[in-house]
Every structure is written in C-alpha cells, then in structure tokens.
Amino acid sequence: MLDFYQQLAKTLKKSAVVLATVTNTKGSTPREIGAKMFISADGKTVGTIGGGAGEAKVYQQALQLLKTGKKQIVEIDLSGVPQRQTQGVCGGTMQVLLELWSGFESLNLVNQIIDTLTSGHSATIITPFHTDEKPYLLQETEVIASLHSTALIEPLLPPPTLLIIGAGHIAISLVQIAKIAGFQVIVQDDRPDFATKQRFPDASLVLAEPITSIQEILDKNTSLYVALVTRGYLQDLAALRLLSNYQLPYIGMIGSNKRVSTVYKILQTEGCNQGFLHQIYAPIGLDIGALTPEEIAVSICAELIKVRRGGTGTSLSEKI
C-alpha cells in the first residue's frame, strides 16, 4: 500500500488521476473493500480492483470521469446470471467509487498518508460518498459510527515488518518477494560481506552486526514477522534465545527435521518455554515441493501471507 501511494504522489505531480476504490462487496468477489487502482490522464493504471471485464468497465468509466470530474459509483456484476449483463462469474457483486484526484490539495493528502505509513503510526482515511465532499485523513483511530453510512472508512496501518536473520541466497529472493507482498524488510547477518545494501537494495535496513543488534528492533516492534534463514544451527540458537523473550506473530526457522530437532533439544535443556517452541514454524514455509532458493523464498512468503491473513492453506481450486 505504501508503494501504491508513492506512485500516486509521483503521478499527481504531473497530471490528474481517477482513484477507483472498492466500497462494497456481496458474495464472492476478486477483491476486498478498500482495494484500489488509479488511472492517470495518459491511460496508465496502477493497482487493481480485480481485473477482467469488471475492471475494464471501471477503466472506461474512469476515462470519462477524467473529462467530467464528477464522482460516481460503478456497479460490477459478477453473478453470472444469464438474464443479466454481467462482467464476470465469480458469483457476487461489487461497488467501486470513482473520484478525481488532482492539484495541490490531493497531493498534500497523499503526502500525509505516506508520512503516516512511513512513520509507523496509524490513522483513518475518510472518503465521503457525497459528490461535493472530498476525502480527508483523521489521525484519531476512533471514528464516529454514523460516518459508515455516508463514507468509506479505511484504517491506515503501517506495512508489516519482516526481519530476516541470515543474508544468504534464500534471503536475497525472500527480500524481493516479501516487498512485493507488502512487507517492510530488515536483514541481519554478522558477516559484513553478506549483509550489504548492494545485495539487498529492496531492504529498508541491513544490519551487518551481531545478532544482539536486533534487540532494539524487537523492543520497538513486537509485531515483527521473523524468518530465520541462517547458515547454521548455532546462529538459530543465538537468535531464538533473544526471540523467546517476545510475543511475535510469526517465527519461522529453516532447516531439516534433524537440524530443527537439535535446536529444540538444546533450548529445552536450557529451560526454554515449551510453548515458545510450539509457536515456531519449522521447517519454514508451506510444503510446495520447493528446491531452489527462489522457490523456497516463495514458500516462505506464502506462509507469511497465510499467517498474516488468517488463511487455511487450502487450495484455491478446492474453494470453487
């Protein structure tokens, strides 16, 4: 989401855009409420509200709105009912709000949003449905309930942070994939030749320091997702001894079953809480038969998304 608003700010400096936001869904739909895309004056798009014929309809309406400037709601019919004109067969319906963003006022709002996201703070975006009212930002997290019927209320939360411990081959691909998935990424490794900004240009922070350097990060952000992709079990042990003092949403550890078992046994003899060991995802990643560093990185990121979104790991084809 941060990348989306950064691209929106860059485009607004040159031209007006139409922002398309999903405001309501019913039944099975390809995107959730709050999903966004924008269409610039030159016809380029960033983001998606689901693709297919439904998005094509939104795109065409947006091109018209760039001329008229009049806010509108587009109905997307995905029901597949034969007697109705549908834009897909997902089974549900969507409402998408289209509004013109242009000039200093819009750019200023986007910059406020970017500042909020990068500072680690939370806020709320209020997008009124009335044609004469413009969106605005509330720094307060509590919003008057009556606004729900007259505006879209979106919590603005900083991106989740993934701490990758270990800067080997898997970490290189994991940083790239995790950033695409919306994570802010930190890499730590005590080897200066491995933990470099050149190897990890997409990481927000690279620590070429001992494992104790993550202490300050843990103290400031206990909602960290942590992936241990270290070079050996000794590094795993050092990291887990630190991590055991915190309640974290995700700790994953790479390694064979034997390596994982060895680490657990040592920690148990040191008096490590059994409940903490049960919280570790090990071996790390969803079982997709991954072999290469790139494939393993995909499996790890898939598990991160599963935990973050509360997924079940069930194949999408099994839900259809």
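I started by counting elements: the protein chain has ten helices and 14 strands. Note to self: this is a predicted model.

Next I looked up the overall dimensions. Along its principal axes, the C-alpha trace of the protein chain spans about 70 × 45 × 40 Å. I then checked burial, and 42% of the 320 residues count as buried. For contacts, I took those with a separation of 6 or more, and 56% of them come from residues 24 or more positions apart.

Then I went to the annotation. UniProt, in an unreviewed entry, lists residues 162-304 as "domain: XdhC Rossmann". I checked what that stretch looks like in the model: residues 162-304 are 41% helix and 15% strand. The C-alpha atoms at the two ends of the stretch sit 9 Å apart.

Last, I picked one helix pair, α4 (residues 169-180) and α9 (residues 293-309). How do they pack? Their axes are 8 Å apart and meet at an angle of about 50 degrees. That angle is why I put α4 down as oblique to α9. I also noted the handedness, and the crossing of α4 and α9 is right-handed.

Which residues make the contact? From α4, I wrote down H169, I170, S173, L174, I177 and A178. From α9, I have P293, E294, I296, A297, V298, I300 and C301. I sorted the contact of α4 with α9 by class too, and got ten nonpolar, two polar and one charged residues.

Definitions and conventions. Residues are numbered from 1 along each chain as its sequence is written. This is a predicted model: local features need pLDDT of at least 70, side-chain atom pairs count only at pLDDT 80 or more; totals for chains, interfaces and linings use all residues. Side-chain values use heavy atoms; hydrogens and water are left out. UniProt positions are given in the numbering used here, feature names are shortened, and annotations may be inferred rather than shown by experiment. Helices (H or I, at least four residues) and strands (E, at least two) are DSSP runs, numbered from the N terminus. Axes are lines fitted to C-alpha atoms, for helices over the stretch in contact, and angles run from 0 to 180 degrees between N-to-C directions. Angles under 35 degrees count as roughly parallel, over 145 as roughly antiparallel, 65 to 115 as roughly perpendicular and the rest as oblique. A crossing is left-handed if the near helix is turned anticlockwise from the far one by less than a right angle, and right-handed if clockwise. Contact means heavy atoms within 4.5 Å. Ala, Val, Leu, Ile, Met, Phe, Trp, Tyr, Cys and Pro count as nonpolar, Asp, Glu, Lys and Arg as charged, and the others, Gly among them, as polar. Buried means under 20% relative accessible area, exposed over 50%, partly exposed in between (1.4 Å probe, protein chains only).
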